[in-house]
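The exercises below are meant to be worked through with the sequence and the structure side by side. Try each task before reading its solution.

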Amino acid sequence: MKILLARSNIGSQTYTFVKAFRALGHEARGLVYGCEKMFTHDGLEVFETYGLRSNPVLGVWKFVRWLTALKRAIDWADVVHWR
């Protein structure tokens, strides 16, 4: 089964779930918008939001990249867990 966990990685939960689903033999991906430095992001696709207020054009560009990656990931997945 292909599982997508998307949106945030609060308390490294997305990372933990992706790791656990992979250990059970499922194909799992994590797609995270925004990044907290204190949490583990190994094996996740992270779209950082740093500098969005200082450069709005860059912020729009990053958001469009996030939406494009999200659309592709949703098309790929059998199950989407939006966190």
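In this predicted model, Trp82 is found in strand E4, which spans residues 79–82, and this residue returns in the exercises that follow.

**Exercise 1.** Work out whether Trp82 is buried, partly exposed or exposed, and state which nonpolar surface patch includes Trp82.

*Solution.* Begin with the relative accessible area of Trp82, which is 47%. Buried requires a value under 20% and exposed a value over 50%, so Trp82 counts as partly exposed. Next, turn to the surface, where Trp82 joins Ile74 and Val80 in making a nonpolar patch of about 270 Å².

**Exercise 2.** Describe the secondary structure of the chain and the order in which its elements follow one another.

*Solution.* First count the elements, which come to two helices and four strands. Then read along the sequence, where these elements follow the pattern β-α-β-β-α-β. Finally, consider the contacts between residues at least 6 apart in sequence, of which 58% join residues at least 24 apart.

**Exercise 3.** Classify the ring pair of Tyr33 and Phe63, and place both residues in the chain.

*Solution.* Five aromatic pairs are counted in this model. For Tyr33 and Phe63, the ring centres lie 5.9 Å apart and the planes stand at 80°; because planes over 60 degrees apart count as edge-to-face, this pair is edge-to-face. Tyr33 belongs to strand E2 (residues 27–33) and Phe63 to helix H2 (residues 56–76), so that the pair links distant parts of the chain, 30 residues apart. As for cover, Tyr33 is buried, with a relative accessible area of 17%, whereas Phe63 is partly exposed at 37%. To finish, follow the ring pairs further, since they link Tyr33, Phe47, Phe63, Trp66 and Trp82 into a cluster.

**Exercise 4.** Find which ring the charged end of Arg29 sits over.

*Solution.* Start from the charged end of Arg29 and look for the ring centre that lies 5.1 Å away. The ring beneath the charged end is that of Trp76.

**Exercise 5.** State what sets the phi of Arg7 apart, and where Arg7 lies.

*Solution.* Recall that most residues other than glycine have a negative phi. Arg7 is a residue other than glycine, yet its phi is positive, near 110°. Arg7 lies in strand E1, which covers residues 2–7, and with a relative accessible area of 34% Arg7 is partly exposed.

Key. Residues are numbered from 1 along each chain as its sequence is written. This is a predicted model: local features need pLDDT of at least 70, side-chain atom pairs count only at pLDDT 80 or more; totals for chains, interfaces and linings use all residues. Side-chain values use heavy atoms; hydrogens and water are left out. Contact means heavy atoms within 4.5 Å. Buried means under 20% relative accessible area, exposed over 50%, partly exposed in between (1.4 Å probe, protein chains only). Rings of Phe, Tyr and Trp (its six-membered ring) pair if their centres lie within 6.5 Å; planes under 30 degrees apart count as stacked, over 60 as edge-to-face and the rest as tilted. A charge sits over a ring if NZ of Lys or CZ of Arg is within 6 Å of the ring centre and within 35 degrees of the ring normal. Patches are made of residues with over 30% relative accessible area and no salt bridge: like charges are joined within 9 Å, nonpolar side chains (Val, Leu, Ile, Met, Phe, Trp, Tyr) within 5 Å. Accessible areas come from the Shrake-Rupley method with a 1.4 Å probe; for residues, only the protein chains shown count as cover. A salt bridge is a side-chain nitrogen of Lys or Arg within 4 Å of a carboxyl oxygen of Asp or Glu.
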